[in-house]
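Visitor: Could you take me on a close look at a single part of this protein? I'd like the aromatic rings and the strands that go with them.

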Amino acid sequence: MKRTIIISAIVVVLAIIVMVIIGKASSKKDLENLFAEAKKGQFDIIVTTTGELQAENSTDILGPQIAQSRNIRVMDIKITDLVPEGTEVKAGDYVATLDRTTFDNTLKDELERLVTQETNLEVKILDTAVTLSNLRDNIKNLKFAVEEAEITLQQSKYEPPTTIRQAEIALDRAARSLDQAIRGYALRVEQARSDMRNLRNNLSEQRQRVADLQDILSKFVISAPSDGMVIYKRDRTGTKRRIGSSISAWDNVVATLPDMSTMISRTYVNEIDVSKVKANQSVDIAVDAFPERSYTGSVISVANIGEQLPNADAKVFEVLITVNGSDPILRPSMTTGNKIVTKSISDVVYIPLETVQATTDSVPFVYTKNGYKQIVLLGESNENSIIVEQGLEPGTAIYLSTPADPERFKLAGEELIAINKERDQARRDEEMRMRQETGTGRQGLPGMEGMTPEMMERFQNMRQNAQPGQGPGMRQGAGSDTSARRTMNVQRNPQGAQPGTQQGAARDTTARRPTAVQPNQ
């Protein structure tokens, strides 16, 4: 019994010792996580976006070419059947069926019109033949009447002058009637020819209309023009065409067969950041479906005109990015994370954004591990870090948040206060000049040195919520600081520290943002 009690006591003591050791180690680790280190090297300004993979080249699977037939009234056609997206097909394989109902009814009506016009032509031919025959008989009768009048005139040469004159008038009247009948017959012949020509033309057009309808209806069962994988076509609103969707005469693509050897990422950049993006800039690409893989690419085009995507307030610009090389596992419509490197600056000192604080008059500073409140002169920034032009040396350990007793830190770098204020004044003068020239001006402030007291107070209040002893991955206050800092950075102009993210864009992603903070060793 005593032995059991002694063993239990030893176990309890050992457990307490282990817990104390673990607690000290955790405290030491948390303390280390409170610091970051000023680094020196290449600094990349990055615009991060979310995109969608597409084939750069593809073969369209087309419906009937209705627009090419001027004899058919243009109408939309509904898709009644369509193979599943992603189906592998060979040339000539079945792909889709279109709704024939409207065109079948139209064809029935046109066939009835064709029969009616053929009947009308036959009737016209018969009527014309009878009419012209009667006119020819009348001409013959008038010729006989002229001969009779001539004979009468010859026999009346011994008659009184009055009788001779009457015979001359009768001959003249008969000759005139014959001449009128001949001219009338010629006109009726021309008229009949014109009527027959119109009827035949109308009949020919009707036959062509029927033939066009029959040809179009024969194409309502759609086959693949070549080998490939069926990908549904997106309309102007970005909606995929499925069973029940419609195609039009001007956009009759049912689906596409993409060339998987060359892929592009179609993405959208916020209007705030689009001025930074240019063709041929390098891009780091990640695919959500394969997070362990990474790809590279380059910008091939940037839209000149912005657009507003559904359920989004900000205007965005379409950007196309080509993916270098080929990978058989990549498929159209996969989501990509694109980091467009808009600018690279070599051999500069930079620190995490969350380490930067500011005084009430917008002068930026950091807390160093060796006990100084160091004034710094800031440069450009990306989504994680910001360049320090003056005030810090590489390797300097700095606090990630406001320390517990900031009053004990000594102020250093006071000579940079004047430089920061001069830069701030220059920025304000430039903004004023631009507003005077254009009549407008951005209300945002371009850098840390331009923060208003209200923004700074909000920024510092967020920092004060951070609890000492927590690492960057655990500090809720630090996360708020980064968000506030990022919100502030959106309002910067090109002279200040500009973020790499497109704040407020409908297609932005920050999920793959790398951690730029390293604990001090």
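Guide: Here's a walk through the aromatic cluster and the sheet, after a few words on the whole protein.

First, the ground rules: this is a predicted model, where local features need pLDDT of at least 70, side-chain atom pairs count only at pLDDT 80 or more, and totals for chains, interfaces and linings use all residues. Numbering runs from 1 along each chain as its sequence is written, and side-chain values use heavy atoms, with hydrogens and water left out.

The protein has 521 residues, and 41% of them count as buried (under 20% relative accessible area with a 1.4 Å probe, protein chains only; exposed is over 50%, partly exposed in between). It contains 6 helices and 23 strands, taken as DSSP runs numbered from the N terminus: H or I of at least four residues for helices, E of at least two for strands.

Now the rings. Two rings of Phe, Tyr or Trp (its six-membered ring) pair if their centres lie within 6.5 Å; planes under 30 degrees apart are stacked, over 60 edge-to-face, and the rest tilted. That rule gives 6 aromatic pairs. Take F365 and Y367: their centres are 5.3 Å apart with 90° between the planes, so the pair is edge-to-face. Both residues are tucked away: F365 is buried at a relative accessible area of 3%, and Y367 is buried at 6%. They belong to one aromatic cluster that also takes in F35, Y399 and F409.

Two lysines join in. A charge sits over a ring if NZ of Lys or CZ of Arg is within 6 Å of the ring centre and within 35 degrees of the ring normal. K373 lies over the face of F365, 4.6 Å from the ring centre, while the charged end of K369 sits over the ring of F35, 5.1 Å from its centre.

On to the strands. β18 spans residues 364–367, and it's part of an open sheet of 4 strands, ordered β17-β18-β19-β23 with mixed pairing. At the edges stand β17 (357–358) and β23 (410–412); each has a single partner strand, so one side of each is left without a neighbour in the sheet. Two strands count as paired if DSSP finds at least two bridges between them. β17 and β18 have 2 bridges and run antiparallel, with A358 bridged to P364 in β18. More broadly, strands of a sheet pair through backbone hydrogen bonds, either parallel or antiparallel.
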